[in-house]
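Q: Please take a close look at one local part of this chain, the unusual backbone geometry in its loops, and then connect that part to the rest of the fold.

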Amino acid sequence: MRRNRIAVFAATATVIALGASAAPAMAAPAASHASVQSAQSASRAADKAADKAAALRKAIDGLPDGAATAAQVRYKDKDLRWSGTSGEADVRTHTPVKGDERFRAGSITKTFTVAVALQLVHEGKLDLDGTVQHYLPGLLPAHYPDVKVGQLLNYTSGLPGGDTRGTPKTPDWDKGRYTTWDHRALVQAGFGKPMEFTPGTQQHYSNIGYNVLGMLIEKVTGRTYEQELRDRVINRAGLKDTYSPGTSFRIKGRHTHGYEALKNADGTTRLVDTTEWDQSETWASGDLITTTADLDRFVSALFAGRIVPQQELKLMFTVPQVPQYESGKPAVYGSGLARVQLTRGGPVYWGKTGSRYGYLNGFAATQDGKQSLIYSVNSTDAKGENVTPDSRVGRIIAAGVGTPSA
């Protein structure tokens with residue numbers, strides 16, 4: 001691969017400009033204490049913004065490499081708006097990334113699905129305490145307990161998920177890439193298994209609840225999930241390059257290619273292009289296609305209350321007081337968002353990650369929306385990568401919002 005084909009966007013820092021008024025000759029007044037402090041504050045802000053921009057630039061430089069082929073990043077706070085790219089959108093043609101390419105968002109789709117569902121809650125078309133059994137009779141096995149809509153939203157339903165494909169470690173891992181899943185069959189794929197736990201008592205992050213939400217959205221509106229998502233979220237937020245692909249296995253328009261690194265028998269590595277893939281296997285939990293610019297607009301509009309009414313928006317920032325499934329640690333997810341506090345006493349961020357083969361993405365923002373980080377990295381092990389401080393995504397996160405304390 002050709003390295004260091006980098007397209008750099010302009011990084012700008014917000015700096016307070018201090019004008020000096022004209023004064024009579026021989027009578028220049030001494031600067032006031034307040035103006036000196038203001039100048040010093042502006043200088044510190046400019047230095048901090050420059051350091052932040054340099055750290056973000058360093059975090060994405062050097063692509064493609066063995067772990068990733070491209071990256072697109074956007075960051076903003078009160079002093080800085082920065083966007084940058086690195087690597088190649090297509091390693092065969094060595095086309096450099098420009099920063100407006102579409103990519104597969106993966107589970108970031110869940111945040112969009114929640115936005116639709118909570119609008120329907122606000123309109124009285126869905127009830128948080130209403131059950132799946134009431135809205136979709138016969139969908140769940142008869143011996144399953146009642147599962148509430150609110151429990152689907154915050155991952156406390158206890159419903160078991162199904163396995164729809166293999167992994168890159170199995171020979172037939174990609175044989176289903178052009179398979180179209182029926183929505184009901186997708187949801188019921190794991191229902192031969194027992195409930196994981198009593199609904200509402202634990203939290204387990206998984207896709208199953210959000211695919212059930214997709215079916216609920218269609219049932220109570222009489223329209224497709226894709227139509228509701230487009231009209232209620234995508235158009236409302238002014239997103240120009242975001243859409244649900246339905247059963248199409250291609251990405252429309254300009255986009256980055258995704259790749260999976262596979263081992264050959266002789267120990268060498270080859271890249272398999274995973275861009276074409278029927279995303280009906282994730283549907284309302286992970287099929288979205290978008291750009292970093294559109295995610296920036298979406299997060300700003302969502303957190304400002306322009307997509308979900310304020311009363312229901314609070315649910316997205318409310319983490320249930322239950323343990324996580326298996327680990328027993330405190331829950332971290334609200335409805336469609338995760339709560340992240342990297343350092344004790346430090347700022348709290350709310351965000352979501354998402355991955356598909358060849359695409360590893362995420363966003364994080366303070367609840368007031370004044371600081372945010374959005375990234376898309378074309379990882380060659382996107383479904384298996386452990387995001388450590390030394391990984392590409394770990395370095396991006398550290399540069400943008402900080403490193404977790406030990």
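**Loops with unusual backbone geometry, and their setting**

A: In this predicted model, P64 lies in the loop that joins helix 1 (33–60) to strand 2 (68–76). The peptide bond leading from L63 into P64 is cis, with an omega angle near 5°. This deserves attention because most peptide bonds are trans, and most residues other than glycine have a negative phi. The second half of that general statement directs us to further loops.

One of them is the loop between strand 3 (80–90) and strand 4 (95–96), where H94 is found. H94 is not a glycine, yet its phi is positive, at about 60°. Another case is E326, in the loop between helix 9 (310–316) and strand 9. The phi of E326 is also positive, near 75°, in a residue other than glycine. E326 has a relative accessibility of 69%; exposed means over 50%, so E326 counts as exposed. A positive phi also appears just after helix 10, where G402 has a value near 115°; this residue is a glycine.

Helix 10 itself covers residues 392–400, and its buried residues are R392, V393, G394, I396, A399 and G400. From G402 the description can be carried to strand 9, which comprises residues 338–341 and holds Q341. Q341 and G402 are 61 residues apart in sequence, while their C-alpha atoms are 9.7 Å apart in space. Q341 has a relative accessible area of 36%, which makes it partly exposed. Leaving aside residues up to four places away in sequence, Q341 touches G346, P347 and V348.

A loop residue may also be buried. L239 lies in the loop between helix 7 (225–234) and strand 6 (259–263). Its relative accessibility is 6%; since buried means under 20%, L239 counts as buried. Beyond residues up to four places away in sequence, L239 touches F112, I234, D294, R297 and F298. By contrast, E226 is 13 residues from L239 in sequence, and the two C-alpha atoms are 14 Å apart.

The contacts of L239 with F112 and F298 lead inward. F112 is one of the residues that touch the most other members of the largest nonpolar core, together with L159, V212, L216, F303, I307 and M316. That core has 69 residues, and its largest share, 8 residues, comes from helix 2 (residues 109–122). In soluble globular proteins, nonpolar side chains tend to be buried together. Apart from this core lies another, of 24 residues, among them A53, A59, L373 and Y375.

T111 is found in helix 2 as well. T111 has a relative accessible area of 0% and is buried. Its contacts, again without residues up to four places away in sequence, are F298, L302, M316, G336, L337, K352 and F363. F298 is thus touched by T111 and by L239.

A further part of the core can be followed from V212, which touches V132, L136, L139, L152, L159 and V187 when residues up to four places away in sequence are not counted. Q188, in helix 5 (residues 183–188), also touches L139, along with G138, under the same exclusion. Q188 is partly exposed, with a relative accessible area of 30%. Q188 and A338 are 150 residues apart in sequence and 26 Å apart in space, C-alpha to C-alpha.

These local details belong to a chain with 10 helices and 12 strands. Its radius of gyration is 23 Å, close to the 22 Å that the globule rule gives for 406 residues, so the chain is as compact as a globular protein of that length. Along the principal axes, the C-alpha atoms fill a box of roughly 90 × 55 × 40 Å. Half of the picture is interior: 50% of the 406 residues count as buried. Among contacts between residues at least 6 apart in sequence, 70% join residues at least 24 apart. The accessible surface comes to about 18,500 Å², and carbon and sulfur atoms account for 52% of that area. Finally, the chain carries 48 positive and 39 negative side chains, and the centres of these two sets lie 4 Å apart.

Conventions. Residues numbered from 1 in each chain as written. Predicted model: local features only at pLDDT ≥ 70, side-chain atom pairs only at ≥ 80, totals over all residues. Heavy atoms only, no water. Helix = DSSP H or I, 4+ residues; strand = E, 2+ residues; numbered from the N terminus. Rg over C-alpha atoms; globule rule 2.2 N^0.38 Å. Buried < 20%, exposed > 50% of the residue type's maximum accessible area, 1.4 Å probe, protein only. Contact = heavy atoms within 4.5 Å. Areas by Shrake-Rupley, 256 points an atom, 1.4 Å probe, with all protein chains shown as cover. Lys, Arg positive; Asp, Glu negative; His and termini not counted. Charge placed at Lys NZ, Arg CZ, Asp CG, Glu CD. Core = buried A, V, L, I, M, F, W, Y, C linked by side-chain atoms within 4.5 Å.
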